[in-house]
Amino acid sequence: MFWSKIWFFVVAVGAAIALTVALVMPRPAQRAAVQEETRRLTVACGVINILLEGDARNRVDLAGKFARNEDIERELADASAQATLDEKRMKTVRGIGETVMDGIKGKRNPAFAILIDRKGRVVARVRYEDSEFGDVLAGRPLVDDALAGYLRDDIWMFGRTTFLVAASPVIKGTEYVGAIVLGHKIDTEFAKKIVGKSLLVELGFYLNNDTLAATEAAALEQSTMAQGVAKLKGPELATDCTNDINTPLAVRAGGDSYSALVARLPGEAGARGAFYSVFAKKPAEIGFGATLGGATKDDLGFGSFPWILVGGGFLLALGVGIFLMLFEADRPLRRLAADTVKLAKGDSERLAEDIHPGKFGSIARSVNIHIDKLGREAKTAKKDLDQLLGPAPEGSLGTIDLLATALPSIRPGGAAPAVSPPPSEFRFGDSGSQPARMPTPPPSRPGTPPPVRKTPPAFPAISTPTPQPRPPQDLVGTGFEAAGNNSPSITAQSAPPLTLDDDILGGSQAAQLPKSPESSPRVDPYFRQVYDQFLAVKKSCNEPTSGLTYEKFSEKLVKNRDDLIAKTGCREVRFTVYIKEGKAALKATPVKEE
Amino acid sequence: MHRLALPVILVSVVHHNTAANPVHGKIELPTAPERPPPTVKGFVDRVENPKKPIQGVPVTPLLLVALEKDGDTAKPESPGQVKWDLVGDSFAKPVIGAPAGAQVVIRNTSNTARTLVALEDPKLIQTGLINPKIGERSFNTTEPKIYTITDKDAPHLIGRVVVVNTPYVANVDAAGKFELDVPEGSYKLRVFFKDHWLAQTETVTVAAKGKTEPTIKIASLANPTEKAK
């Protein structure tokens, strides 16, 4: 079994490794997916920043063209020369502005235009609060720069509305006469236009916890994004997208999870906390189940899956396992089974230990140990009976017949029984119908002197009826005690051993024992027959028979029978009358099976 | 000149009660400093227009002239009221002088409601929106000090109130000229630029009769404190 265990261990380790690999494999894929998502968001964020810069250049160019309109130059020069501005002038300038804005249709049409004179006063507004004029916009960095001669852009907020603004100085001849400001609203349309369809991300513009515009209506957790923006401290806003500390944020919108990368917006709005976010729905977690669920038929095709390798490995594992099972378990087991069958049939008296490997050898050794034990017990029992009743007569069953049905015919304890036990159907009542059998002389055994053979009477082997089970009692040293079955006060240990004659022929102790009514044996035909035989043999040996009564004799037989049954577990006890050293003797033979 | 003259006259008229002689001075400025980098940038850097050079920083709106009587450190008597207009995204004058003890009244003539605060003393101006067109907010000055007034929602909106221990304080016009009515005597002329007093001072003697026309040539507009650093 050693190699089977090794193989089982190897297969188990292989299975554990395979399971570990199966569970671990999605993790690198998940990391790769996260990295890919981060890369995608970073790229998209950078692209959007570039697009916003490009849009700003276009708007600045547009403002420059707007400022080069001669009518605007003229009107702003005139307004700059006035101490106060009136509504009539405002309407005139506004009309010119409307005309110019209409002329730039088809391009990116601004949401509003503001025309400012050299002093920074608003001469007119077009399409946004267009009735207001005269207030001073100088002071705003964009306007101050434009009045100084710069073209630039900014992000302004009017209330909750955010505008991308661009300004240009208005120069008439060699004089600065004012500036114009064009504004483009940041709205959903603008966000969608910036993102386009190729970036595969969403875009949102936010001011702290307020959404200014977004391509998707999902209400993202803006507090999380605002916290992310707060970490961005560097002066270069253009590097926000690639900043190492700026990693995609996990934000939720309703039941959906998104990854969002934030970047600050520049200008006045940026100074107030405005930012934009590039976000996308998080891909599903790539776990073992998801990986398995994502497999397609193509993944299991012969072209993409190493079926030969997997199948070969499976067959190899199976084959080696079966071989080892046969080699180390099945075949030795069959061998042991066959060996035990031989043992049962009596073809062998022991199991062969050397031919059975491993545990099977242990089983064989254990069985052999028990066989040896039983043999020793049989010898002991025989010795006890021999001591009790004398050696078995030649040809009698003797104590050696005690295990006749459980042990092989050839046993270490002695030769095979000379006389086979009587058939189970044999009864004392049937003794007349059975032929009388003479006991065959037993083979000589070492240490056991052969009995002196005189003329052995031919007595039939008579079996006793099966008694009810009784508590076991120690037979050793008891001899033919006169204790009755129902006399617990008198035990075998308390009674001294008696000789057969002392006992049966009215020994002092046996005669002194009280006799209870229950212990008085009734006349048993078998016991009576044995008694008669015993009496006859005694007479033939010229032994005295006075005092020998059937009651005492049968009582001893019952006691002897019960003790033997209790000790050996036999079913029956057969009594044989024989002559020992010129005297009548009685031999009890346990019969285990019929 | 026309926009600057009004507050100059206003301040000097309000505070004079005795025979005063006109002082028509002129500040000769050094080369205008270059426009600093933008504090707020857009998506793209600002670019110069191809037609005309960039204008320098206008210095004169940021100048203030004060005449302090030699050895007189007492607060002006009955300094009166100083009115200061908020005209949009800036004050009509980015810097204004106020005698110590004067009341400064800020009038919001713009279209936008503002919430103003003095950075040096947040409790100086009553909190709350100042309504457009008609809204006013006033505060009293006590000691010579420089107050920076701004709107936290519009950080670009900055004005400074310069409280001085003399009633003779005036802005200068685009040409660097200023006018004050000052009693006879010897005075120390100090110049305030943007957010600091210049280290340079001049002594001006006002005669009993006639116009006094001092000309002060400014050597540097630098902040002496920063220069010392």
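Trainee: Why does B:Lys133 count as partly exposed?

Mentor: This is a predicted model. In it, B:Lys133 has 49% relative accessibility. Buried means under 20% and exposed means over 50%, with partly exposed in between. At 49%, B:Lys133 therefore counts as partly exposed.

Trainee: Where is B:Lys133 found?

Mentor: In chain B, in the loop between strand E7 (116–118) and strand E8 (136–140). Phi of B:Lys133 is positive, about 75°, although the residue is not a glycine.

Trainee: What makes A:Glu129 partly exposed?

Mentor: Use the cut-offs again: under 20% is buried, over 50% is exposed. A:Glu129 has 46% relative accessibility, so it counts as partly exposed. A:Glu129 lies in the loop between strand E2 (122–126) and helix H5 (141–148) of chain A. Its phi is near 45°, a positive value in a residue other than glycine.

Trainee: Now the helices. Why is H1(A) called roughly parallel to H2(A)?

Mentor: Take helix H1 (residues 2–24) and helix H2 (residues 26–67) of chain A: their axes cross at roughly 15° and come within 5 Å. Angles under 35 degrees count as roughly parallel. H1(A) is therefore roughly parallel to H2(A).

Trainee: Which residues make the contact?

Mentor: H1(A) supplies A:Ala22, A:Leu23 and A:Val24. H2(A) supplies A:Pro26, A:Arg27 and A:Pro28.

Trainee: How do the residues of that contact divide into nonpolar, polar and charged?

Mentor: The contact of H1(A) with H2(A) has 5 nonpolar residues, no polar ones and 1 charged. Ala, Val, Leu and Pro are among the types that count as nonpolar, while Arg counts as charged.

Notes:
Residues are numbered from 1 along each chain as its sequence is written. Chains are lettered from A and ligands numbered from 1 in the order in which they are written. This is a predicted model: local features need pLDDT of at least 70, side-chain atom pairs count only at pLDDT 80 or more; totals for chains, interfaces and linings use all residues. Side-chain values use heavy atoms; hydrogens and water are left out. Axes are lines fitted to C-alpha atoms, for helices over the stretch in contact, and angles run from 0 to 180 degrees between N-to-C directions. Helices (H or I, at least four residues) and strands (E, at least two) are DSSP runs, numbered from the N terminus. Angles under 35 degrees count as roughly parallel, over 145 as roughly antiparallel, 65 to 115 as roughly perpendicular and the rest as oblique. Contact means heavy atoms within 4.5 Å. Buried means under 20% relative accessible area, exposed over 50%, partly exposed in between (1.4 Å probe, protein chains only).
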